[in-house]
Each structure stands twice: as C-alpha cells, then as structure tokens.
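Thanks for sharing this one. Here are a few notes to read alongside the model, in the order I would look at things.

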Amino acid sequence: MLRPWLAVPVVLACGLGVRAFTGGDFAKYAGVALYATLIYALVAFWLRPLPAALAATAFSWAVEFFQLTGVPADLSARSTLAHLVLGSTFNAPDLFWYVVGAALGVLIVRARGQRPTPPY
C-alpha cells in the first residue's frame, strides 16, 4: 500500500534532482510543479485527493503571491532553505505549474486505486 509519508522524500529527491541535473525552463517549471506535488503529499495525510489538490494549489499560490511583498527575496538572500521553501520573485506562469503539480498528486493516487491512509 502506498503511504503518503513515502512520497515526501521521493518527491523531494525528484525536485532536487531535476534542479541539479537539468536546466532551463524544464528545470524551473518541473521544480515548481514538484513543489505543489510535495505539498499535496503532505496534506494527503488528512484530506481526500481533490481537497488535497485544492489545498496544495492554494498554499502554493499564497507563497507565490507572498513573493510580491519582497519578504521572501530578503529571506532567500540569507538562507538556502528559505529560498527552497519561499522562492524569491513572483512569476505568473508558476501559478499554472502549481495546478499541474497538484493534479499529478491526484493522478498518482488514482492510478494506484487507493486513497492515502493517515499515518496514525
């Protein structure tokens, strides 16, 4: 049985691997999509697939719009972790790729024919 907690390190590894071993727009947008997939995997512990996808998209969009304030850019300049979590600059196409990443999470769960089970 697929457990959501197993998906978290796999998605993290994929995201970091894409950024490390590819380049250009593919690396950027694959990383953006996988960010939303990671958030989906985290909230799938508690929510059904569609609400988890909506929550992952909403969270990702909130982080993206937060970048308009300049606070994430300041934090990212001082911390690699902040840069990985918050990014630094707003990019409108990212909004689409967050939806793609959340949908990827739903597709994986549906392809497995099961709903993730809570860790407790």
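1. A word on classes before we start: Ala, Val, Leu, Ile, Met, Phe, Trp, Tyr, Cys and Pro count as nonpolar, Asp, Glu, Lys and Arg as charged, and the others, Gly among them, as polar. With that split, the lining of the largest pocket holds 15 nonpolar, eight polar and four charged residues.

2. Please keep in mind that this is a predicted model. The average pLDDT of the chain is 88, and 88% of the residues reach at least 70. Confidence is highest in α3, with a mean of 96, and lowest in α1, at 86.

3. Now to the pocket itself. The largest pocket has a volume of about 730 Å³. It is lined by 27 residues, and R19, G31, Y35, H83 and L84 are the closest to its centre.

4. Which helix gives the most to the lining of the largest pocket? That is α2, with seven residues. At least two lining residues each come from α1 (4-21), α2, α3 (49-66), α5 (80-86) and α6 (93-111).

5. Is T37 buried or exposed? This residue sits in helix α2, which spans residues 24-43. T37 has a relative accessible area of 5%, and because buried means under 20%, T37 counts as buried.

6. Finally, the surroundings of T37. Leaving aside residues up to four places away in sequence, T37 touches V11, G101, A102, L104 and G105.

Definitions and conventions: Residues are numbered from 1 along each chain as its sequence is written. This is a predicted model: local features need pLDDT of at least 70, side-chain atom pairs count only at pLDDT 80 or more; totals for chains, interfaces and linings use all residues. Side-chain values use heavy atoms; hydrogens and water are left out. Helices (H or I, at least four residues) and strands (E, at least two) are DSSP runs, numbered from the N terminus. Buried means under 20% relative accessible area, exposed over 50%, partly exposed in between (1.4 Å probe, protein chains only). Contact means heavy atoms within 4.5 Å. On a 1 Å grid over the protein atoms alone, a cavity is a set of points where a 1.4 Å probe fits but cannot get out, and a pocket is an open set with protein on both sides within 12 Å along at least five of seven lines; lining residues have an atom within 4 Å of a point. Grid points are joined across faces, edges and corners, and a volume is the space filled by probe spheres set on the points. pLDDT is the predictor's confidence in each residue, from 0 to 100.
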